[in-house]
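Visitor: Hey, I've got a structure open and could use some help reading it. Can we walk through it together?

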Amino acid sequence: LLLRLAKTTQIPILTIGHVTKTGDVAGPRMVEHMVDAVLYLEHSSSIQQGSNYRWLRAQKNRFGSCQTVGLYDFQAGILLPLPEGTEAALPPPSSDLEGCAMGICIEGQHRAMTVEVQ
């Protein structure tokens with residue numbers, strides 16, 4: 001019913017689902033195939049203690065890439081986008097920087113985390 005309404009009236013419809021402990025969208029798998037995009041908004045507690053950063057990433061995007069991740073700061077109930085390439089979300093580097101590299105990696109399909117490689 002909602003799919004037919006959206007297609008005939010050209011009105012976008014936003015549905016919000018639940019993610020299970022295994023990282024799958026709850027409910028029938030058919031729902032993921034009906035929509036144009038599946039987005040995840042996640043809180044990363046592995047970044048900096050006391051931070052309120054959120055990751056927005058697409059697992060499915062019929063009209064574009066799923067390789068881009070949006071980083072937002074959640075302040076006073078408002079999501080504020082952080083500029084692309086920002087280093088504000090990275091933990092402070094080690095005191096000895098020689099031979100170190102920082103980066104953001106995605107584990108599987110569902111978890112983004114910061115990594116320091118020495």
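Guide: Sure, let's start with contacts. Taking the contacts in the chain with a separation of 6 or more, 32% are between residues 24 or more positions apart. Keep in mind that this is a predicted model.

Visitor: Okay, and how many helices and strands does the chain have?

Guide: Two helices and six strands. Going from the N terminus, the order is α-α-β-β-β-β-β-β.

Visitor: What percentage of the residues count as buried?

Guide: That's 17% of the 118 residues in the chain. The accessible surface is about 9000 Å², and carbon and sulfur atoms make up 57% of that.

Visitor: Switching topic: how many salt bridges does the structure hold?

Guide: Two. One of them joins aspartate 36 and arginine 62, with 3.0 Å between the closest N and O atoms. Those two are 26 residues apart and link distant parts of the chain. Aspartate 36 is in the loop between helix 2 (30-34) and strand 1 (37-43), while arginine 62 is in the loop between strand 2 (53-61) and strand 3 (69-75).

Visitor: Are the two partners buried or exposed?

Guide: Neither label fits, as both fall in between. Aspartate 36 has 35% relative accessibility, so it counts as partly exposed. Arginine 62 is at 46%, so it counts as partly exposed too. The in-between class applies because buried means under 20% and exposed means over 50%.

Visitor: And which side chains meet in the other salt bridge?

Guide: Glutamate 42 and arginine 57, at 3.4 Å from N to O. Glutamate 42 belongs to strand 1 and arginine 57 to strand 2, 15 residues apart, and this pair also links distant parts of the chain.

Visitor: Where do glutamate 42 and arginine 57 sit, buried or exposed?

Guide: Both glutamate 42 and arginine 57 are buried.

Visitor: I also clicked on arginine 54. Where is it found?

Guide: Arginine 54 is in strand 2. It's buried, but it has no salt bridge.

Visitor: Huh, why does arginine 54 have no salt bridge?

Guide: It comes down to distance. The nearest side chain of opposite charge is aspartate 73, and that's 7.0 Å from arginine 54. A salt bridge needs the nitrogen and the carboxyl oxygen within 4 Å, so that pair doesn't count.

Visitor: So what does arginine 54 touch?

Guide: Leaving out residues up to four places away in sequence, arginine 54 touches several residues, including Leu41, Glu42 and His43. Gly70, Leu71, Tyr72, Phe74 and Leu79 are also among its contacts.

Terms used
Residues numbered from 1 in each chain as written. Predicted model: local features only at pLDDT ≥ 70, side-chain atom pairs only at ≥ 80, totals over all residues. Heavy atoms only, no water. Helix = DSSP H or I, 4+ residues; strand = E, 2+ residues; numbered from the N terminus. Buried < 20%, exposed > 50% of the residue type's maximum accessible area, 1.4 Å probe, protein only. Contact = heavy atoms within 4.5 Å. Areas by Shrake-Rupley, 256 points an atom, 1.4 Å probe, with all protein chains shown as cover. Lys, Arg positive; Asp, Glu negative; His and termini not counted.
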